Amino acid sequence: MIQFNKSPGQRILELGGGNNPQSFSDVRVDIRQGPHTNFTADFEKPLPIKDQDFDAVFAQFVIEHLSWRTVRQFIKEMYRVVKPGGKVVIVTANTEAQFEYIKEHPDGWAVHQGDPFSAFSCVLFGDLDYPENGHKNYQSPKLAVELFSEAGFEGITVQPFGD
């Protein structure tokens, strides 16, 4: 579970919360309008948000759905909209760990027991149950540090989240 220690007056932007937004977010932006979405935006283009407008940015299971060609720009956009000294928290798939899991569990995983093809395809490429719900880039802790450093972030911490 992710939590923010939020001081009065601080604002948190959530990118991609969809129908399951976090309670700590103040502004919620997604690619599709939903009951909890403040406005929509194409995450593969510049965000329609003022520079340094938020104290923190949160995006859970979003970045892996962007084209590998636009991930760097998306990270730069998060850097642009967060205030100096602000925080950006990203939760994403670790493709490197997924490959290791597949190698160590050739018979699949609990959700798709007995159907390794479906299990491994889903974990690597996403559910593919609507056009945007597919994984389009490779992520690993080492690459995340490189990409965020390249965008200007400092004090980058990477830690495991879930299975």
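What percentage of the contacts with a separation of 6 or more in the protein comes from residues 24 or more positions apart? The share is 57%, where contact means heavy atoms within 4.5 Å.

Before you start clicking, some ground rules. This is a predicted model, in which local features need pLDDT of at least 70 and side-chain atom pairs count only at pLDDT 80 or more, while totals for chains, interfaces and linings use all residues. Residues are numbered from 1 along each chain as its sequence is written, and side-chain values use heavy atoms, with hydrogens and water left out.

**Stop 1: the whole chain.** Show everything as a cartoon. You should find 4 helices and 5 strands, laid out along the sequence as β-β-β-β-α-β-α-α-α. Helices (H or I, at least four residues) and strands (E, at least two) are DSSP runs numbered from the N terminus. The C-alpha trace spans about 50 × 35 × 30 Å along its principal axes. The radius of gyration is 16 Å, which agrees with the value near 15 Å for a compact globule of 163 residues; this quantity is taken over C-alpha atoms, and the globule rule is 2.2 Å times the number of residues to the power 0.38. Switch on the surface: its accessible area is about 10,000 Å², with 51% belonging to carbon and sulfur atoms (Shrake-Rupley method, 1.4 Å probe; for residues, only the protein chains shown count as cover).

**Stop 2: the sheet.** Select the strands. The 5 of them form an open sheet in the order 3-2-1-4-5, with parallel pairing; two strands pair if DSSP finds at least two bridges between them. Strand 3 (39-40) and strand 5 stand at the edges with a single partner strand each, so one side of each has no neighbour in the sheet.

Next, pick strand 1 (residues 12-15). It is joined to strand 2 by 3 bridges, and Leu13 has Val27 as its bridge partner there. Strand 1 also runs parallel to strand 4, with 4 bridges between them, and Glu14 stands opposite Phe58.

**Stop 3: strand 4.** Select residues 54-60. Because 6 of these 7 residues are buried, strand 4 is largely enclosed by the rest of the structure. Buried means under 20% relative accessible area, exposed over 50%, and partly exposed in between (1.4 Å probe, protein chains only). Strand 4 pairs with strand 5 (residues 82-91) in the parallel sense over 6 bridges, and Ala59 is matched with Ile90. Add helix 1 (residues 71-81) to the selection, and you have a right-handed β-α-β unit: with the strands pointing away from you, the path from the first strand over the helix to the second runs clockwise.

**Stop 4: the cores.** Show side chains for Leu13, Leu15, Phe43, Val57, Phe74, Ile75 and Met78, which touch the most other members of the 25-residue largest nonpolar core. Such a core is a set of buried Ala, Val, Leu, Ile, Met, Phe, Trp, Tyr and Cys residues joined through side-chain atoms within 4.5 Å. Helix 1 gives this core its largest share, 5 residues. Apart from it lies another core of 7 residues, among them Phe4, Ile12, Ala56 and Phe58.

Then centre on Ile75. Leaving aside neighbours within four places in sequence, Ile75 contacts Ile63, Leu147, Phe148, Ala151 and Phe153.

**Stop 5: Thr95.** Finish at helix 2 (residues 95-104), where Thr95 lies. Thr95 is buried, with a relative accessible area of 9%. Not counting residues up to four places away in sequence, Thr95 touches Leu124, Asn137, Tyr138 and Gln139.
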